[in-house]
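Dear colleague,

I am passing on the structure we spoke about, and below it you will find a short account of what came out of the analysis. Please read the two together.

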Amino acid sequence: MRRSPLAAVDRVAVRLDRARADGRLPRPDVLLGWLVAAHVLLKLLVLPLVIGAPPYNDEQAYVDGGRALSNLLRDVFAFTAPDTAELERNVVGSGWFMPGMAVVLAPLFVVVPEAPDWLIRVYLGGVSLAVLLLAVRAVRRRLGPWYAVLLVAFPGLVPGWVVLSFTAYGDPLAGLLLAVLVAHVIAMLRGFRAGVSPGVAEGLQLGLLAIAVLYLRSSASTAVVAMGLVVLATSMVLVRGRQRWRAAGVLALAAVVFAVLLAPWSWFASRTLDDRVVTTTTVPVSLANTFGEDPGFGRMEEGPPDELCFGPCDPDSTPWFAPLRYARELGRAADVSEVEAQQAMSDYSLQDLTTTQYARQVLQNVGAYLLIPGNFAFHIEPAGGHGLVGTAGQVLVAGATYLVYAPVLLLMLAAMVTVPRRSLEAQVLDVVVKLAIGALLVQPFVHVSGSRYWTTAGPLFAIAAVGFLLERAARRQDVVLEAPPRASSPYDARLSRWTLWTQRALAGATVTVAVAVLVLAV
Amino acid sequence: MVVPVLVTLAALAVLLASHAFGRAQPTGDYRPPLPPDALGNGCYPLPGDARLDLPYQVRSDGDVTTDGGDQRRLLLGHYSVVDADEALARLVASFEAVGLHPVGPPRSAEGSGGPDGEVTEHLSQRLRGPGDAAAGPGSPTSTVVGIEVAPIAGTSPDTLVRGAFLLDLPVTERASDSAWCDLPASTKRWPEGGLAGGPLPGGAG
């Protein structure tokens, strides 16, 4: 053990664990207060770097969506007809984005219709702080104060995350709410272990959290579905008799809340684009953009793949807007919806895709997803860039991001292939967190990835990383529970079997997928 | 209990007063208006104002100098839904409708090429205006129209877009002051002189 490459990790883990056990660490709530203060300080330090930055790329769409939604509220409360065309153009647009961030921004534009860029940045920074504090409170209540501390520390003290917390991108907020959703699912499982059905309030919260995550980031839909399946499966396995019927009712309520809140968007987006749109329309073209003929990062700057528009796309536009124009023209000419046209384009351009090309691009995507966490420090800047001091600040932010992020990433990756056994509670947390991370990491397999995507999974990375540390500490101190862990009830015995099986399957799947992609890419 | 009620009331008051604050101005940048079709914007009409009676998209349009030194207008388009035979028939009919008539039967040639070296069949047809039929050598050929049609490699009857066509036309002057005529996104008259990859898949065009 002493010579293992994990020795350093073990030393840190044991030291932390003993410090905690001996009461040498501050009480978690005191620590929480200090960390929140540090987070706010970090935000104030980063603010000067981003305050002069105009909307960057897709932020424009979210900000315009917020403006249009504020006009909708204005019209509704003035009892006049809303400007449907404006809503269609700015909220739905091409159906690329869920309207969550537009909803977040709308109150600002209700009060200040012509809010300048700096006010938008300050407002977004305030909203993300509020959401972080609410998430911390919710996690504290469900998982205890140490996990609340963890959430403030990571991603709250990651400078690159703080930069993104001033942007109109939904990724960081979706990540925070996803962490709360995971905590909520854990709390529900705790009830299932006692054979008790969750209450109506818990069902409502489940539905609300799930739909909020989806509105903020449509690509998190896989994780939302995974959480829903976990709750459904465990409740049906663990809860018996009348309680099971109650549990089924509560879960149905959560599903209804989710569906009812999703429906207005799906209806309006479908109506606007004249096709069935449940969440967003991006998958066909992004698949083609990502994996089409001769893909690659260099090319994304030049234009879309050569075959995406049944030949080259118009040379005057970008990889996203050129195919969109072709799809709209094709829709107009052939009397189909642009969504159907995009599907046809995607199918055509991907028909010759080889597994090698695919695997290579997946590797690039995974790299972009996981390995450039601080890049947005360079994107969110004033028109014309920063001076010397500002540029130094950007470099510092990006560098410091790596320092904080890299250890967590490595520990998370180690956790993904480890099966913890120290307690049933820990196992359950581990399984749920890994399922959520695994579901999020489906994205690089279907979509070109970028340096902000990790923020949706970031809080879960931290939970997984700390889980790995705790497991190492437990093993070093020989407090490992025998496997399968002692079961305190028939429910626990059943749950233990399921979690162990799932954990092994997850670790195996992670290794298999990683090896398969690597082998195919070479 | 008091605080939530007060907050709700304050929010309601703000909302009821909000129309007095002015109106937000979304840019709409992420949903640019779809430019009108290159043959529907009135900028560079076809001979006789012909309307193409098939589902098509213009991909590029521009003037070239032929080997013989003439200036000709070449217009590349994609057609959807119908197959090559019907596409040619419909294109021919579109020009017949404005008084042009075919010269000889449609011709067929094998064109190699496509990204995978597939062999595709190119169909072509020439048409003339009413006054040109009896004209001898040296007469103006300005109303001669050449049509060439070929399936796009890799498409099948299930594919929405089926093929490409190339119209060989007399040079057309700009016929409208519309601002669209200055926009390549609408006219498809790209500054560089066309899309990369040759005028017609298969390269025979």
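To begin inside chain A, the crossing of helices α11(A) and α20(A) is right-handed; please keep in mind throughout that this is a predicted model. Helix α11 of chain A covers residues 221-238 and helix α20 of chain A covers residues 424-440, and their axes come within 7 Å of each other while crossing at roughly 150°. Two packed helices are described by just these quantities, the angle between the axes and the distance between them.

As for the residues that bring the two helices together, α11(A) contributes A:T222, A:A223, A:A226, A:M227 and A:V230, which meet A:V432, A:L435, A:A436, A:A439 and A:L440 of α20(A). This contact is made up of 9 nonpolar residues and 1 polar residue, with no charged residue taking part.

Turning to charged pairs, the rule gives a count of 27 salt bridges over all chains. One of them joins the side chains of A:R452 and A:D58, with an N to O distance of 3.7 Å, a value that falls inside the 4 Å limit of the rule. The two partners are 394 residues apart and so link distant parts of the chain, A:R452 lying in the loop between α20 and α21 (454-476) of chain A, and A:D58 in the loop between α2 (28-50) and α3 (59-77) of chain A.

The interface of chain B and chain A may interest you as well. Chain B brings 44 residues to the contact and chain A brings 53 residues, and the area buried between the two chains is about 4,100 Å², with carbon and sulfur atoms giving 59% of that area. On the side of chain B, B:R23, B:Y30 and B:R31 supply 22% of the area that this chain buries against chain A, which is more than any other three residues supply.

Which residue of chain A forms a salt bridge with B:R31? The partner is A:E338, and the closest N and O atoms of the pair are 2.7 Å apart. Across the interface of chain B and chain A the rule finds 6 salt bridges, along with 25 residue pairs in polar contact, both residues being at pLDDT 80 or more.

Finally, the side of chain B that touches chain A draws at least two residues from each of α1 (2-17), β1 (56-65) and β2 (71-80) of chain B, and α1(B) gives the largest share, 4 residues. By type, the residues on that side divide into 25 nonpolar, 12 polar and 7 charged.

With best regards

Notes:
Residues numbered from 1 in each chain as written. Chains lettered and ligands numbered in written order. Predicted model: local features only at pLDDT ≥ 70, side-chain atom pairs only at ≥ 80, totals over all residues. Heavy atoms only, no water. Contact = heavy atoms within 4.5 Å. Buried area = accessible area lost by both parts, 1.4 Å probe. Polar contact = N/O pair within 3.5 Å; in protein donor to acceptor, adjacent residues only side chain to side chain. Nonpolar A, V, L, I, M, F, W, Y, C, P; charged D, E, K, R; others polar. Axes fitted to C-alpha atoms, helices over the stretch in contact; angles between N-to-C directions. Left-handed = near helix turned anticlockwise from the far one by under 90°.
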